[in-house]
There are 2 protein chains.
Amino acid sequence: MQSLWSRPDSGPAVKHQLSDLLTPCLVLERGIMKANIQRMADRAAGLDVALRPHLKTCKSLEIAGLIVPDRSRVTVSTLQEAEYFARAGFSDIMYAVSIVPQKLQKIASMNKQGAGIQLILDHPETVSAVSQAAANLAVKLDVWIEIDVDGHRAGLEPDDPLLVDVAQRVQESDSLTLKGVMTHAGESYECRSVEELEQHAELERRRCVRAAKILRSKGIGCPQVSVGSTPTALTAASLDGVTELRAGVYVFFDLFQAGLGVCEVKDIALSVLTTVISHKVSHRRLIVDAGGLALSKDRGTAGQVHDYGYGLVADAKSGQAIPGLVVTAANQEHGIIDLPSGFEFEQFPLGSQLRILPNHACMTAAAHNHYYLVNGDDRVTDRWDRCNGW
Amino acid sequence: MQSLWSRPDSGPAVKHQLSDLLTPCLVLERGIMKANIQRMADRAAGLDVALRPHLKTCKSLEIAGLIVPDRSRVTVSTLQEAEYFARAGFSDIMYAVSIVPQKLQKIASMNKQGAGIQLILDHPETVSAVSQAAANLAVKLDVWIEIDVDGHRAGLEPDDPLLVDVAQRVQESDSLTLKGVMTHAGESYECRSVEELEQHAELERRRCVRAAKILRSKGIGCPQVSVGSTPTALTAASLDGVTELRAGVYVFFDLFQAGLGVCEVKDIALSVLTTVISHKVSHRRLIVDAGGLALSKDRGTAGQVHDYGYGLVADAKSGQAIPGLVVTAANQEHGIIDLPSGFEFEQFPLGSQLRILPNHACMTAAAHNHYYLVNGDDRVTDRWDRCNGW
């Protein structure tokens, strides 16, 4: 039977089984995802901070609706996401990539319709250019100053004199309002134990709060302090002085997060459904139809204790991981699974399906336009869209 | 000025400059691409074989039209591509991923409308299953047997007794017709010199032709012998006994192909346009808005003499590479370019644009829905679509 879902635009959602789907495609375990969402909501409540989830992982209205039922206070990574969520009524949207003036017209137009998109910046020249562009567009913008807590990427260190300079320039602009300081402790991904993560979370908290205090000591209003990454959010002992927490990948989790120790493999809600398309008996290999495009070329687990190649194989119906079975190599549309001793080809007949748990859920999901929802078995209950691209 | 192209579905193509485009996006150099296309056409003609270009790299009607003006004899890697090109009148389409019966209904439906999609297989069980499914769908199908010349992926070795078994089962099926044997010398990507590539091309030719001869010696008709990969296609000294050549990435080329020695960096037609969004002076880093999603996480050049990180930086207007400047790290929407000594931040102002030449053009292009066409300068002449997904 051809699936009604075999093409993205081909009709209404009806009941299906995974075996009806054309592979490769994304499978999402609803119950696991909901537990992940609840876990982070409980964390934020327990730490007495607001949660500003990062929607760059899910890029889905339905999932965002589960995370943020009131459609407020979210983070996005592209203008495409900003527009997609704003159109659906989401507001209080932090666009968490350093702003450049070229992107302001689109943002201004969305904000005039109530999107409440806020910008991040870290350079005096950017403040001047954005302020001028905002004035030209007759729009007022809320901005955050990005703080660098661990040398990961961009942002100003708390004690950099430019921090006060940037904040003062924001204050002096008629077009800009300082919302606060924000940081992302990206180097938490380099931690190798939960103890290290807890220390890193404290570093993130302490340095970002310090930046806010320095600004306040200069008489500059800095109402908000926003920190976060999934690993630090789940290990922080205290978020004293912080007002909000940002995190994204926890909604799905992935093998990299399991390697960090902040989740278990059984908590991974996302996988790629694939079909066994060839048996290469002489080389003891299964060939599947999920390759580098469907899985992504992210090799994030390469440096961890468990290197899962391009993903860990799981049973298609139950979603249970099959320890020891990983995607060893990935060409564009071919995945290669080396069969270790103890496994037999008969366990994986030609035409049978498998799921592949991803190294990095954000990257893997981005190749796909849809999620197929299941809940602990192989019955497909829904198909939800994603907004990819820029 | 907001670009009319700032959103994918926003109106007609008008004249623009690169500086009007929202980044990240794909830039395609028309003149370089046309020269690459001509080079492979000349190779095939010089080797006296037909060319069956692989459209998995470009996934574009306009580009495919330049490569195959008569819209016949092409290769695809997904059913999505098959459908996209078939709808536009392309025919004689090889779907070069091992077939499973689940995908036959869609193929049958396209073939009933004249697509002429041919399948590849390498296993007796697959022949039986596909033959049965084809009979149920009342459709006749042309199939190729995949040959393994170098242990790269799937396929049968020429001397494997299963080869004759598979071919005889095809011959015995009322639904299937054997078109020939085909191979892809994927291990050519491991070669480290043009001399090694030439030897590998000869291996590919010799072993695939041998498979055809074995079948013919058993009285099995095997009219076609199809080989190819961009590196072997460009280095083969002879294709004696071969009837057609397949290759895809040559249309754009990329840093990996340059590292193999089959093109130069100046022959790379594809790049990602990006904007400098932050200066991290303390770490001597530029931050740009092309990250792991826009560039892909493919690290194919990691094992080559020149490791280009996540891509080589080029001047935005001219497209000329800037030797020594590479994308050192890539988060989802952030690229980090370490500035070696000799470079100054003033050369890369905030808000200025750069192009990034890709490690692997097929993977990089797949994150984007459009190409923006230029020709040696920064004037954008066209926007062409891609068909991504499955």
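**Exercise 1. Two neighbouring helices in chain B**

Task: Find which residues of α5(B) meet which residues of α6(B), and work out how the two helices are oriented.

Solution:
- Step 1. In this predicted model, α5(B) contributes B:P124, B:V127 and B:S128, which meet B:L162, B:D165, B:V166, B:R169 and B:V170 of α6(B).
- Step 2. Sort these residues by character: five are nonpolar, one is polar and two are charged.
- Step 3. Now look at the axes. Those of α5(B) and α6(B), the latter spanning residues 161-172, lie 9 Å apart and make an angle of about 10°.
- Step 4. Angles under 35 degrees count as roughly parallel, so α5(B) is roughly parallel to α6(B).

**Exercise 2. Where chain B touches chain A**

Task: Describe the contact between chain B and chain A, beginning with how many residues take part.

Solution:
- Step 1. Count the residues: 65 of chain B are in contact with 65 of chain A.
- Step 2. Turn to area. About 5600 Å² is buried between chain B and chain A, and carbon and sulfur atoms give 54% of this.
- Step 3. Ask which three residues supply more than any other three of the area that chain B buries against chain A. They are B:R153, B:Q332 and B:W390, with 15%.
- Step 4. Next come the polar links: 26 residue pairs, both at pLDDT 80 or more, are in polar contact between chain B and chain A.
- Step 5. Place the touching side of chain B on its elements. Those giving two or more residues include α3 (79-87), α5 (124-136) and β11 (270-280) of chain B. The largest share, six residues, belongs to β11(B).
- Step 6. Sort the residues on this side of chain B: 22 are nonpolar, 25 polar and 18 charged.

**Exercise 3. Pairs of opposite charge**

Task: Find how many salt bridges there are over all chains, then look at one between the chains and one within chain A.

Solution:
- Step 1. Start with the idea: side chains of opposite charge can pair when their charged atoms come close.
- Step 2. The count over all chains is 35 salt bridges, and between chain B and chain A it is six.
- Step 3. For a pair across the chains, take B:K280 and A:D148, whose side chains meet in a salt bridge at 2.5 Å, N to O.
- Step 4. For a pair within chain A, take A:R355 and A:E29, with their closest N and O atoms 2.7 Å apart.
- Step 5. A:R355 belongs to strand β16 (residues 353-357) of chain A and A:E29 to strand β2 (residues 25-29) of chain A, so this pair ties together parts 326 residues apart in sequence.

Notes. Residues numbered from 1 in each chain as written. Chains lettered and ligands numbered in written order. Predicted model: local features only at pLDDT ≥ 70, side-chain atom pairs only at ≥ 80, totals over all residues. Heavy atoms only, no water. Contact = heavy atoms within 4.5 Å. Buried area = accessible area lost by both parts, 1.4 Å probe. Salt bridge = Lys/Arg side-chain N within 4 Å of Asp/Glu carboxyl O. Polar contact = N/O pair within 3.5 Å; in protein donor to acceptor, adjacent residues only side chain to side chain. Helix = DSSP H or I, 4+ residues; strand = E, 2+ residues; numbered from the N terminus. Nonpolar A, V, L, I, M, F, W, Y, C, P; charged D, E, K, R; others polar. Axes fitted to C-alpha atoms, helices over the stretch in contact; angles between N-to-C directions. Parallel < 35°, antiparallel > 145°, perpendicular 65-115°, else oblique.
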